[in-house]
Amino acid sequence: MSDLEVRARLATRADRLGQPRRLGVAESVAGMLALLLLVSALAPQLLAPGDPLGIDPLSAFEPPNLAHGFGTDESGRDIYTRVVHGTQSSLLIGAAATAIGLGLGIVLGTLAGMLGRVVDFTVNRFLEVLFAFPGLLLALLFIVIFGPGVATATIAVGLSTAPGYARIIRAQLISVRSTAFVEAATVLGRTRWQILRRHILPNTLAPLFVLATLGIGQAIVWAATLSYLGLGAEPPTAEWGAMLSAGRTYITSAWWMSFFPGLFIVLTAVTATVLGRGIDRRMRHL
Amino acid sequence: MAESVVRRRAALRVLGRLAGRLGGALFVLWAVASITFFAVRLIPGDPAQAVLGGPGSQASPEALAAVTAEYGFDQPVIVQYFAQLGRLATGDLGRSYALNMDVGPLVLSQLGGTLVLAVLSLALAWLLALALATWSTRGGLVAARVATSLEIVAAALPHFWLATSLIVVLSIWLGLLPPISTGGVAGLVLPVLTLAIPLAGFLGQIMRESLLTALESPFVLSARARGESERGALWIHALRHASLPAISLSGWAFGSLISGAVVVETIFARPGLGRTLLGAVTLRDVPVVIGVVMIVAVAYILMTLLTDAASRLVDPRLRLS
Amino acid sequence: MSTGAPKNSPTAALIVRNLRVGFGAVDPVVRGVSFEIARGECLAIVGESGSGKSVTARSLLGLAGANARVSADRLELDGQNVLGLTDRAWRARRGKTVGLVLQDALVSLDPLRPIGREIADSLRLHTTLGAAARARRVLELLDAVGLPDPARQVQKLSGQLSGGERQRALIAAAIALDPPLLIADEPTTALDVTVQAQILALLEQITLAGTAVLLISHDLAVVSHVAHRVAVMHDGLLVETGSTAQVLGSPAHVQTRRMVAAIPADKPRGTRLSLNLRAADAPPRIATTDSTVACDSTVVLEASGLSKSFRRPDGSRFLAVDDVSFVLHRGSTLGIVGESGSGKTTTARLLLALLQPDQGEVRVFGEPWSAASEKTRRGLRVGVGAIYQDSLGSFDPRWSVAEILRDALGHRQQRRAPQTTARLRSLLDEVGLAATVLPRRPLELSGGQRQRIGIARALAARPEILICDEPVSSLDVSVQAQVLDLLDDVQRDRGLSLIFISHDLGVVQHVSDQIAVMRAGRIMESGPAARVFTAPQHPYSVQLLAAVPRLSI
């Protein structure tokens, strides 16, 4: 099991857990949040016209007030502005890491699922070994080799999520391949290529949207964790994890420096989960 | 007589399975060792330099020569590889240059703290998840929605933010608990809470789903039709079924706890593998990183075997096949 | 078998007057049901899925569910009012004054506990017996329900027992305290016919011992053997109640007539099973002497010496299909019948060349089929269609009905072409569906509609042979009747040759010209349907035929 597999497994059973079939309040709110996050990432100036790096030593360490809704940091930078502007790098890192993980996962999973027993066995053993580096350990190993930084942290997170994607894709391929409708297509005289193109690929790839949505939430949290640990983006960059890392020093006096960036990470992760489940349900009940 | 033959066969099967498991575990360990060995060779530049903290470390030529000699960096890679495997097989994990001590004893001394943290967190997460699941199955749709929301949010909480928030609220504002680990029981509360709450979010969802399935299953209906009480239906039948997926998830949970320990031990200044690992990563103390990764791999494999055994204990069907 | 209700029944074990059960805001599922059962009597409530029969049964135990609204003018169990009981009071009665037996004991007994424990639970909950006394009583009970070697079986999990043994254990748990009333909800539905007969005999024995038995079933033929009285349930109401002979012999209500007509056993080939109520005056298609339509002696499909073995989990191999041979003549139907594990589904997969035989060969239209490469076979596949039991699973969940049929017609590209639309229309027309189903996905259709789409898909490529694997097994009897009639029509109209695989002898008897009886991978007996059914020669066929539920009135 990996984080991703656990998340995916839970998503496909969300109906049972009391989530309504129709578009629920949670999903609508999550949809709006996702929209806001996208706006902050693409056009942060619309929501926060200030300069995220603008220093104002006179107003350092101001608690949340009317002028600075989320307060200010040690150099008097407005936390709200920084959080909004930080969306871009956090989402970008999350998306890039997911793309890397998903890409590797698709390659490994397809190899294992399509190329016969020997390849399947080999890839499976390989994945099993990777699972012995749980959570962020694979990422840490990667960073110790290639050094810290935003780029390595992104790749590291992508790498450590890849085995999860690979296993899910492999399982999905294998289960679709042995479905009754694939057999029915064989009986209708369809060629292997036609069956692959019309049935197997669409039914394997469609769940990947859900996976990717769930995965972005996880990747953002992990990337922020690495930044927080000082291995990814570094302060004064307006990246959520790095902001939290900077706030760590002042935790006894200026809680808002840590609280608001973290809140946005949580909101993003929750949004990703709720949206992922919503998409999954919609796809299965179409 | 036939009985003894059957028993002997069963014993042989068990032995065979154990041997298979042991072989699998050894394979994973060998692969982990190989991956780390070749990964270290990927570090650009002089490997001796890398071992001593990377290009910027300005190690003295004497130190470089000593490392080159110890690791045999002047020998062919394949020789180095087998020498490394040989050392690992005898339990020699190399020497930390940053801390100037042997990695083996270092890692072992840190193992206990992390294990205590992980085991306590796992236990608390189980308790929280169980409580939430049993409560929500009785409360109808509203309770189900509340539980779902709690679980989704809990599962989305990053350890570092949860830890920070707990410190701010419980230590700084309310002054209830020490903000850093003091070694006593009070110092364990916040780290354990930090690790347990997100995990409880995951475990709770899985437990609740399987609990609902079990409670709606025909065998629980049959039990109720025999006059079984709600409590009996829950404790005798449903919870046992509900615990199965959660048990099989505990291997994964343990792994993610170890990963979370990196953050939690750092924030709460608690000695343990996680903090050692982060320190080593920051200083590029390669032997320590490899040592920690290897010991975590061993712990993870053991935990997988343990959850497997626990599943067999709860589910007699697994013992039959 | 039905001897009428026992005359002197001083106390009714169950009296129900105007029972109504509803869930949420929607209309009640049970809309005013009244009946009673005397001790030593067996009443069967028969209805199709959604008729409200199971909800009725559960209400009698106070188990209709937390959100159910149950009301009645009178509800008495063993002479005592049970309306509005607290849950605690209900619990004291469940298992003691009323027992429940559900369908499929594999899931109705806790799969993680030994059956002995499950049976002892009733005793633990209602008596003060000690553990040793309970264990003794469990053994007696298992003996009473005819489970061989009880001492060994008590330790086993339900998954280690056969279907029949499990069902016996479940019955033992329900009658542990000798309750005056036993409710059996589809107690034999998942069982093979021979086992079903045994379980029915056991229920009859329990009735004779003085217990009132309420049998819930979808199958009139099954209940006709054991029930003294039958009540037909439809849409939340008991539309007809009376002695078994009366209800089944001269059904008064339309729904009863429909269900009686739908029973395929002993109805000659070509007889309509579904009542066409709107055109009741139209002359029914009566079986003619040449009921086998345009049957000639041309062999369209031939299986010779087919064998196929599989590996068990422990490494040993077992023969799923063992030296099976038969021929299919043009325009005729070959019925393959067998109980679970007889190898009939493997045979179907061999015939469809989804599996390769280890030995033997299938030839289609005289050409090599199993021996040919998939590439060569693909050219012939047009001639061989298939209909599956799980029609829903056989459709790509992403496709609409229109896409499914266009694909089957080979018109994927010509979405809007007039001839594609025309072909779709005529196909739907042929299987009795309106064009309104085209944009929908199979998931949104009823079971009967899905199977009609399955037939339409199979017919799209104009095959000459149709291989039907349990095509009606998961359908309600009246829908089953319609689908069987439809298959009969298309066979007649198109001169198709059919292989019809089923566990249901009644169905096979109705549709087949030739019959092969399979058991453990081998064909026990084969021959013309009429001969096999009237004068079976192999002992297994005799046994199997004796167990077929027929209307016995």
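Trainee: How many residues does the contact take from chain B, and how many from chain A?

Mentor: This is a predicted model, in which local features need pLDDT of at least 70, side-chain atom pairs count only at pLDDT 80 or more, and totals for chains, interfaces and linings use all residues. Residues are numbered from 1 along each chain as its sequence is written, while chains are lettered from A and ligands numbered from 1 in the order in which they are written. Two residues are in contact if their C-beta atoms, placed from the backbone, lie within 7 Å. On that basis the contact takes 55 residues from chain B and 45 residues from chain A.

Trainee: Which helix gives the most to the side of chain B that touches chain A?

Mentor: Helices (H or I, at least four residues) and strands (E, at least two) are DSSP runs, numbered from the N terminus. The helices that each supply at least two residues of this side include H1 (2–41), H8 (186–215) and H10 (230–267) of chain B. With eleven residues, the one that gives the most is H10(B).

Trainee: Is Ala233(B) buried, exposed or partly exposed?

Mentor: Ala233(B) is found in helix H10 of chain B. A residue is buried if 20 or more other C-beta atoms, placed from the backbone, lie within 10 Å of its own, exposed if 12 or fewer, and partly exposed in between. Ala233(B) has 18 C-beta neighbours inside 10 Å, so it counts as partly exposed.

Trainee: How far apart in space are Ala233(B) and Leu215(B), C-alpha to C-alpha?

Mentor: Leaving aside neighbours within four places in sequence, Ala233(B) has several contacts, among them Leu215(B), Val220(B) and Glu228(B). Ala233(B) and Leu215(B) are 18 residues apart in sequence, and their C-alpha distance in space is 7.5 Å.

Trainee: Which strands stand at the edges of the open sheet in chain C?

Mentor: Two strands pair if DSSP finds at least two bridges between them. Six strands form this sheet, with mixed pairing, in the order E7-E8-E9-E3-E10-E11. Two of them have a single partner strand each, so one side of each is left without a neighbour in the sheet; these are E7 (98–101) and E11 (237–243).

Trainee: Which residue in E11(C) stands opposite Val232(C)?

Mentor: Strand E10 (residues 229–234) of chain C and E11(C) pair in the antiparallel sense over six bridges. In E11(C), the residue opposite Val232(C) is Glu240(C).

Trainee: What angle does the direction of helix H8 of chain C make with that of E9(C)?

Mentor: Axes are lines fitted to C-alpha atoms, for helices over the stretch in contact, and angles run from 0 to 180 degrees between N-to-C directions. H8 (residues 193–208) of chain C packs on the sheet, touching E3 (42–46), E8 (181–185) and E9 (212–217) of chain C. The angle with E9(C) is about 150 degrees.

Trainee: Which residue in E8(C) stands opposite Leu100(C)?

Mentor: Val98(C) and Leu100(C) point one way from E7(C), Gly99(C) and Val101(C) point the other way, and all are buried. E7(C) and E8(C) pair in the parallel sense over four bridges. Opposite Leu100(C) in E8(C) stands Ile183(C).

Trainee: How far apart do the C-alpha centres of domain 1 and domain 2 of chain C lie?

Mentor: Domain bounds come from an automatic or database domain assignment. For chain C, the assignment includes domain 1 (10–97 + 181–187 + 198–263) and domain 2 (105–178). Their C-alpha centres are separated by 25 Å.
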